[in-house]
Amino acid sequence: MDEKKLNNIASSMDKGFWSFWDSMIYKALESSVDIMPPRLQKLIANYYTDARIRKLYFDRLGVKMGEGSFANLGMKIIVSANHRYSIEIGDNVSIGPNLTLVTQAAAGNGKEINTLPYVKEKLTKEAKIYIEDEVWIGANVVILPGVRVGRCSVIGAGAVVNSNVEPYSVYAGVPARKIRDLEKE
């Protein structure tokens with residue numbers, strides 16, 4: 001038997017071997033989502049390579065994600081324990097790597113700082129985040145509490161979104177500002 005045939009056989013065996021283990025890991029993670037400790041759920045939701053598993057684990061952590069939506073690796077959430085679904089993501093949303101969604105902002109370890117009027121009234125906030133259908137979110141975006149991202153909008157990479165995003169528009173920058181309208185056909 002020549003070397004090329006041997007390499008093809010070895011390659012086929014490797015694919016079968018890894019496919020088997022991938023399937024086993026998927027089944028184990030899928031069946032144990034409800035008994036997994038919250039910290040491990042977050043780790044799997046943020047960094048496991050299979051998007052189907054990440055979506056399942058995010059659901060348990062308070063993120064409702066619509067059909068056809070996809071989050072790349074590194075989507076991090078800071079959610080309130082007070083809401084079952086603190087974050088709602090619509091259908092067909094494209095999410096770049098390392099999105100951070102913050103529904104609860106507070107100086108959690110602070111004592112004196114939390115008594116300051118400006119901090120209490122302006123900076124401490126807890127509110128849901130809504131991302132409507134057909135949105136495209138770039139890499140390394142941060143979305144803060146209470147924001148609604150409108151349908152068919154685009155958020156540029158690295159933006160910090162602290163107010164609502166209009167539908168059919170492009171936002172970018174820190175803080176995110178509208179830079180153009182998108183025309184409907």
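In which loop is Glu134 found? Glu134 sits in the loop between strand S9 (129-131) and strand S10 (136-137), and we will come back to this residue after a walk through the rest of this predicted model.

Let's begin with the interior. The largest nonpolar core has 36 residues, and those with the most contacts inside it are Met75, Ile89, Leu101, Ile131, Ile137, Ile143 and Ile155. Several elements each supply at least two residues of this core: helix H1 (3-31), helix H2 (38-47), helix H3 (51-60), strand S1 (63-65), strand S4 (87-89) and strand S9. H3 gives the most, with 3 residues.

Ile137 is a good residue to select in your viewer. Leaving aside residues up to four places away in sequence, Ile137 touches Ser94, Ile95, Gly96, Leu99, Ile131, Ile143 and Ile155. Among these partners, Ile131, Ile143 and Ile155 are also listed with the most contacts inside the core.

Now turn to a pair of helices. Two packed helices are described by the angle between their axes and the distance between the axes. For H2 and H3, the axes come within 8 Å and cross at roughly 140°. H2 is therefore oblique to H3, since only angles over 145 degrees count as roughly antiparallel. The crossing of these two helices is left-handed. On the H2 side, the contact is made by Gln41, Ile44, Ala45, Asn46 and Tyr47, while H3 brings Ile53, Arg54, Tyr57, Phe58 and Arg60. By character, the residues of this contact divide into 6 nonpolar, 2 polar and 2 charged.

The backbone has a few spots worth a look too. Most residues other than glycine have a negative phi, and most peptide bonds are trans. Glu134, the residue we started with, has a positive phi of about 65° although it is not a glycine. Is Glu134 buried or partly exposed? Its relative accessible area is 36%, so Glu134 counts as partly exposed.

Tyr168 also has a positive phi, of about 55°, and it is not a glycine either. You will find Tyr168 in the loop between strand S14 (160-161) and S15. With a relative accessible area of 25%, Tyr168 is partly exposed, because the buried class ends under 20%.

Our last stop is a peptide bond. Val174 and Pro175 are joined by a cis peptide bond, with omega at about -10°. Pro175 has its place in the loop between strand S15 (169-172) and strand S16 (177-181).

Terms used
Residues numbered from 1 in each chain as written. Predicted model: local features only at pLDDT ≥ 70, side-chain atom pairs only at ≥ 80, totals over all residues. Heavy atoms only, no water. Core = buried A, V, L, I, M, F, W, Y, C linked by side-chain atoms within 4.5 Å. Buried < 20%, exposed > 50% of the residue type's maximum accessible area, 1.4 Å probe, protein only. Helix = DSSP H or I, 4+ residues; strand = E, 2+ residues; numbered from the N terminus. Contact = heavy atoms within 4.5 Å. Axes fitted to C-alpha atoms, helices over the stretch in contact; angles between N-to-C directions. Parallel < 35°, antiparallel > 145°, perpendicular 65-115°, else oblique. Left-handed = near helix turned anticlockwise from the far one by under 90°. Nonpolar A, V, L, I, M, F, W, Y, C, P; charged D, E, K, R; others polar.
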